[in-house]
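Reader: I am a first-year student, and I would like a close look at a single part of this molecule. Please pick one stretch and walk me through it.

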Amino acid sequence: MVSIDDRLNAIIRELIGNGITLEQAVEAFEGKYIVAAMSDARGNVTQASKRLGVHRNTLRNKVSTLGIHSEDYDRRRAQRRKDPVT
């Protein structure tokens, strides 16, 4: 079984090899991590913030700064946007 360290090292080597900066990597990781937490919490910011170990206002600010939208973590809203009622 591959350890988390080995997996992270492989990802880091690939990112560096592709010219991804630390800032770009951190922003991408943070965004994906927040989307996963928000999805698991079904869009509930308070629950997601507890899971992430940050204050809910901090999470709201990060969601706004990173340009994360409800469609990114709420499949129902994403589906409604794809299939508008006519």
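Author: Start with contacts in the protein chain, where a contact means heavy atoms within 4.5 Å. Take those between residues at least 6 apart in sequence: 37% of them join residues at least 24 apart. This is a predicted model, in which local features need pLDDT of at least 70 and side-chain atom pairs count only at pLDDT 80 or more, while totals for chains, interfaces and linings use all residues. Numbering starts from 1 along each chain as its sequence is written, and side-chain values use heavy atoms, with hydrogens and water left out.

The chain has six helices and zero strands. Its elements run α-α-α-α-α-α from the N terminus on. Helices (H or I, at least four residues) and strands (E, at least two) are DSSP runs, numbered from the N terminus. The chain holds 86 residues, and 19% of them are buried. Buried means under 20% relative accessible area, exposed means over 50%, and partly exposed lies in between (1.4 Å probe, protein chains only).

The part to study is helix H3, residues 45–52. Which of its residues are buried? They are Val-45, Ala-48 and Ser-49. These three sit on the same side of H3, because they cover an arc of only 100° around the axis. That arc is taken from the directions between the helix axis and the C-beta atoms. What do the buried residues pack against? Their partners are H2 and helix H4 (56–66). Now turn the helix around. The face away from the buried side carries Lys-50 and Arg-51, which are exposed.

Look at Ser-49 within helix H3. Ser-49 counts as buried because its relative accessibility is 4%. Leave out residues up to four places away in sequence, and Ser-49 touches Val-54, His-55, Arg-56 and Leu-59. Val-54 belongs to the loop between H3 and H4. With 30% relative accessibility, Val-54 is partly exposed. Under the same sequence rule of leaving out residues up to four places away, Val-54 touches Ser-49 and Leu-59.

Next, the two ends of H3. At the N-terminal end, Asn-44 acts as the cap: one of its side-chain oxygens lies 3.0 Å from the backbone nitrogen of Thr-46. At the other end, Gly-53 follows H3 with a positive phi, near 75°.

Step back along the chain. Arg-42 is placed in the loop between H2 and H3. Its phi is near 50°, a positive value in a residue other than glycine. Arg-42 is exposed, at 74% relative accessible area. Asp-40 lies in helix H2. Asp-40 is exposed too, at 57% relative accessible area. Asp-40 and Arg-51 are eleven residues apart along the chain, and 9.5 Å separates their C-alpha atoms.

H2 has another role, in the lining of a pocket. The largest pocket has a volume of about 340 Å³. Of its 14 lining residues, Ile-11, Ile-12, Leu-15, Ala-25 and Phe-29 are the closest to its centre. Helix H1 (4–17) and helix H2 (22–40) are the elements that give two or more residues to this lining. H2 supplies the largest share, seven residues. By kind, the lining has eleven nonpolar residues, two polar and one charged. A pocket is an open set of points on a 1 Å grid over the protein atoms alone, where a 1.4 Å probe fits, with protein on both sides within 12 Å along at least five of seven lines; lining residues have an atom within 4 Å of a point.

Key: Points joined across faces, edges and corners; volume = space filled by probe spheres on them. Nonpolar A, V, L, I, M, F, W, Y, C, P; charged D, E, K, R; others polar. Polar contact = N/O pair within 3.5 Å; in protein donor to acceptor, adjacent residues only side chain to side chain.
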